[in-house]
Each structure stands twice: as structure tokens, then as C-alpha cells.
Amino acid sequence: SFTMVAGATPVRLNGIQVGKVKAIGLSGSADLARTIKVTMLINDEYLPQIPKDSTAGMAQQNLLGARYVNIKRGKSKQSIVAGGEISTTDSPELEELFQQGSTTLGALQAILKRVENIVVLIESGDGTIGKFIRNPKLYDTLVGAAEEMNKLVVQINSPDSSLGHLVREPDLYNDLRSMMAKTNELIDGLNAGQGSAGKLLKDEGLYEDVRGAIGDLRQTLALINHGDGDVAKLMNSDELHTRLAGTLSRMDEVLDHINSGEGTLGQLLLNPQLYESIDGTMQEVHGFMKDFRANPKKFLTIQLKLF
């Protein structure tokens, strides 16, 4: 391989340096012999000394491999002018450079072909980008979204809106900050094991007790669901349910009779005279028992008879 660097590679005329290489690039020509374009800066004093039919080629400057462009003078009486072109001589270095340029040009052509295919898809409206460009509904949607966003910004900037209050009023900010501070204190207390919740969080023994209680509750619920025990039978027995419903129905009938004044309980509940009579009797009995306890001899008489 060889190295030719723009700005560093010298240009010589029959061995005498007359300039340097300015730029190296692709010519854009489809001709493989004209793939690479080497632009050279020639000092004005040497430009008239280069005949038009001169040729340029690569040469080795020393044993270390340093290269330079050597111009071999032609025989034409006309000199080359600024911006003109001279042909190149056949050399392995230039041939390699041309081959590299051809490969690069082919790669660029492939890339351009792929870009062209992408442009065709976009113009036909295929793919996400094509739909984005060709679909007016998407454009209208984006415009509507932008308008809604503008309205939202206006509301935020308005001091009358809730968001405006949130943004503009420091009191609300201070309240939120105070609430966050209290929340942090609560979390610190929980982490320190303070209060019932903190003890539940930190006390492993209490946690195990609660866990055991939950386990017992689950076992009880399982027994109930499987029909074991009185409670399970009460919940799962259709016959017992029917009997309870019948008993409650009869109880309702009894209460209806009592509320209507039927029977002794009904009369006692609704008849004030019966209540007063019973109350008076109870008072008399109470007075009698009081007198009896005070003077039992008054009420007890013992008669002795001899036969």
C-alpha cells in the first residue's frame, strides 16, 4: 500500500519540488480511469514550465517508502493553465488507488440506490415516515395536539386555574412541603419502631403472632367451608336454614299478636289498667312482706289443744 496525504505529499517536476497535493477525492466520473481526482497546488513561477502534454505519476522518495507526485515534462509548446488537467502514467500505486476509488464509488452507488428506494417509499406513502408525510389526518392530529398543548400551557399560566394556583401560589407549595415533611417523620417513626404500626413493622414476635392468628383464621374458615362444626352446619345446612326461617316466621306472628293486644303479654303491653292493677298488687304484697318481717307474731298464731 502507499500513502498520499493532502497538504503533506510534495509535487515534483523532473525531481524538483514545485508544489504539493491539495486534495484527494472521487471525481464522480463513471470512467474507471478517471475515478480519483488529485488536486495539486503548483507555484505560479513553475506553472509555465509544465507543458500541456506532461504526465504525472507516483514515485518513491526514499527507502523508507515516502511517496511524492512526480510530473514528467512533455514536449508541447503550450503550458498548462490553472485548473487544467494532465494525464497520469501507469504505475502500480495509481492502479491501486484507482481500484480503491472504484470500490468506493460502487459502494456509494449502492448507498444512493438504497436511498432512492427509501425516497420512493416515502413518496408513495408507505412506511411510518411515508404515512407521516403523505397522510393529512396525521398532520391534522398533530396540529390538534399542538393546539391542545397550547391551551394547557395557557391554563397553567392562568392564575385562575387549579394548575395555575399550584404553579404560582407559594402557600400550596408550602403545604405540600409540610405534608411531605410530616410523611417523612411518619416513615422515620415507622422505621424506628414507634407506635403500633412501627412495632408491627419492627417486632418480629408480634409479626409472628399476627401471622399465626391469620393462619388460625384460615383454618377456621376452611373448616366452616367444609361443613365441620356447629357454625359450619349452621351456614351450610339447608334443613337448618329452613327450620330457622320457619321459627323466625312464627316469632313474627307471635310478635304481631302481642303488638295487637292479644293474650296476656299483649294485654300487659297495651292495657294500662292491667299494668296499674298488677303494680298495685305488687305494692300491697311488698307492704305485707315488710310488716311480716317486722312483726311475724302478728300473723302467726299457735293454738295448743289437749285431747
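**Exercise 1. In which helix do Glu148 and Lys151 both lie, and how many residues apart are they?**

Solution. Keep in mind as you go that this is a predicted model.
- Start with the location: Glu148 and Lys151 both sit in helix H3, which covers residues 136-157.
- Next, the spacing: they are 3 residues apart, about one turn of the helix.
- Now look at the side chains. Side chains of opposite charge can pair when their charged atoms come close. Those of Glu148 and Lys151 meet in a salt bridge, at 3.8 Å from N to O.
- Check the cut-off: a salt bridge needs the nitrogen within 4 Å of a carboxyl oxygen. By that rule, the count comes to 1 salt bridge.
- Finish with exposure. Partly exposed covers the range between under 20% and over 50%. Glu148 counts as partly exposed because its relative accessibility is 49%, and Lys151, with a relative accessible area of 48%, is partly exposed too.

**Exercise 2. Work out what surrounds the side chain of Arg12.**

Solution.
- Find Arg12 in strand E1, residues 10-13.
- Ask about its cover: Arg12 is buried.
- Look for a partner of opposite charge. The nearest such side chain is Glu45, 14 Å away, and Arg12 has no salt bridge.
- Then try the backbone: the Arg12 side chain reaches the backbone oxygen of Gly15 at 3.3 Å.

**Exercise 3. Find the residues of the nonpolar surface patch and the helix that gives the most to it.**

Solution.
- List the members: Leu26, Leu108, Ile111, Val115 and Val119. Together they have about 370 Å² of accessible area.
- Now the helix: H1, residues 92-124, gives the most, with 4 residues.
- Zoom in on one of the members, Val115, which has its place in helix H1. Val115 counts as partly exposed because its relative accessibility is 40%.

**Exercise 4. Which backbone oxygen lies 2.8 Å from a polar atom of the Thr183 side chain?**

Solution.
- Go to helix H5, residues 170-191, where Thr183 has its place.
- Follow the side chain: its polar atom lies 2.8 Å from the backbone oxygen of Met179.
- Add the exposure: Thr183 is partly exposed, with a relative accessible area of 33%.

**Exercise 5. Step back and describe the protein chain as a whole.**

Solution.
- Secondary structure first: there are 11 helices and 6 strands.
- Then burial: 15% of the 307 residues count as buried.
- Then the surface: the chain exposes about 24,300 Å², with carbon and sulfur atoms supplying 57% of that.
- Last, the contacts: among those between residues at least 6 apart in sequence, 38% join residues at least 24 apart.

Key: Residues numbered from 1 in each chain as written. Predicted model: local features only at pLDDT ≥ 70, side-chain atom pairs only at ≥ 80, totals over all residues. Heavy atoms only, no water. Helix = DSSP H or I, 4+ residues; strand = E, 2+ residues; numbered from the N terminus. Buried < 20%, exposed > 50% of the residue type's maximum accessible area, 1.4 Å probe, protein only. Lys, Arg positive; Asp, Glu negative; His and termini not counted. Polar contact = N/O pair within 3.5 Å; in protein donor to acceptor, adjacent residues only side chain to side chain. Contact = heavy atoms within 4.5 Å. Areas by Shrake-Rupley, 256 points an atom, 1.4 Å probe, with all protein chains shown as cover. Patch = residues over 30% accessible without salt bridge, like charges linked within 9 Å, V, L, I, M, F, W, Y side chains within 5 Å.
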